[in-house]
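Here are some worked exercises on strands, buried residues and backbone angles. Take a look at the model first, then try each task before reading its solution.

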Amino acid sequence: MPFSISGNFKYCERTNLRNFEKHLGIILSENQTQLQQHLMIRRALQNLTGSVSVLSGLSRQELLSFIFILTQFGDIIRSETPPEYLLLESIPYVVEWMKGHYMIPIEILEHLAHERIFKDQGYLFALIPALSIKEKKSWIRWIGVDFEKGGDRDLNFEIYSQCRVLQKPFLGKSLVQESEIRLEQIWPRGKNECIDWFYKGLSTFYYSMEEMSRKEKDPFLLHVIELIKSGKFILKRLPDSYGKESSYSLVGTVEGNTPQLRETTFQWEVERLRKDSLF
């Protein structure tokens, strides 16, 4: 899982941050506080001409490598990555934080999440922030993580990291081929008590899904529920129409349609829930 550059110098080989600093026009120091580093990086990103412009300057192979690392939840290891996706050294948004270990830092993912292109294309990291805080808290509880500390930003990336783990056994596959499905096509109003709680505004969507996961008997619907839990599909509210009830769809995510190749688990990933968050 990628982490924030700010406050986490100890995980990075200092010389490997120079390209990142050069592109942003900043100099980071261990004498700065985590907040100072975070604000410095954020301001520098805001002053850029735009991520689309930055990415358009990449070669075709560099762009494919960048897209690949996005599909892998923001980090890869050279030894576990197909060689055609390893042209990474000149991509300003990618940091080789340790030899052969590449990531798109959390600060960059947060910045890219605001770009419409990543939302429209269905990247999970860009769609999670659009959910309400109540939905996100229901989702993380359903996943089974006791996550009370931190703010909305921490919660976004906690869900994101957990989805990587949940998606890995699927190998990028599912029985649902559509890229977007109207929610009422699967669960019509008035046909299921649990989802009706959500339609009527009495519960969150992810709480309703958790309840349905305990009660549903149909194997296909149970499969759909597991796809939702793992972030292979995510809830999207459709534009409101005058005089009509709110409607929703399930959107297939780019990450959810891509096999997750990384096998290595770092010790800090295992321990981070028992310590201060890296996010």
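**Exercise 1. Work out how strand 1 is joined to strand 3, and in which direction the two run.**

Solution. Strand 1 and strand 3 are antiparallel, and three bridges join them. Strands here are DSSP runs of E with at least two residues, helices are runs of H or I with at least four residues, and both are numbered from the N terminus. Two strands count as paired if DSSP finds at least two bridges between them. On strand 1, Asp75 stands opposite Met103 of strand 3.

Before going on, please note that this is a predicted model, in which local features need pLDDT of at least 70 and side-chain atom pairs count only at pLDDT 80 or more, while totals for chains, interfaces and linings use all residues. Residues are numbered from 1 along each chain as its sequence is written, and side-chain values use heavy atoms, with hydrogens and water left out.

**Exercise 2. Find the residue that stands opposite Val95, then place its strand in the sheet.**

Solution. Start with the pair: Val95 faces Met103 in strand 3. Next, strand 2 (residues 95–98) and strand 3 (residues 101–103) run antiparallel and are joined by three bridges. These two strands make a hairpin with two residues between them, and Gly100 in the turn has a positive phi of about 80 degrees. Finally, assemble the sheet: three strands form an open, antiparallel sheet in the order 1-3-2. Its edge strands are strand 1 (75–77) and strand 2, each pairing on one side only.

**Exercise 3. Determine the order of the strands in the sheet that holds strands 4, 6 and 5.**

Solution. The order is 4-6-5, in an open sheet with antiparallel pairing. Strand 4 (180–182) and strand 5 are the edge strands, and each pairs on one side only. Five bridges join strand 5 to strand 6 (residues 248–252), and these two run antiparallel. One residue pair to look up is Arg237 with its bridge partner Tyr248 in strand 6.

**Exercise 4. Is Glu107 buried or exposed, and what does its side chain contact?**

Solution. First locate Glu107, which is in helix 5 (residues 106–113). Glu107 counts as buried because its relative accessibility is 4%; buried means under 20% relative accessible area, exposed over 50% and partly exposed in between, with a 1.4 Å probe and protein chains only. Then check the side chain: Glu107 makes a polar contact with the side chain of Ser6 at 2.8 Å. A polar contact is a pair of N or O atoms within 3.5 Å; within protein, one must be able to donate a hydrogen and the other to accept it, and residues adjacent in sequence count only if both atoms are side-chain atoms. Leaving out residues up to four places away in sequence, Glu107 touches several others, including Phe3, His38 and Leu45. Contact means heavy atoms within 4.5 Å.

**Exercise 5. Compare the surroundings of Phe73 and Leu171: which is buried and which is exposed?**

Solution. Begin with the backbone. Most residues other than glycine have a negative phi. Phe73 has a positive phi of about 60 degrees, and Leu171 has a positive phi of about 55 degrees. Now place them: Phe73 lies in the loop between helix 4 (60–71) and strand 1, while Leu171 is in the loop between helix 9 and strand 4. Last, the accessibility: Phe73 is buried at 0%, whereas Leu171 is exposed, with a relative accessible area of 52%.
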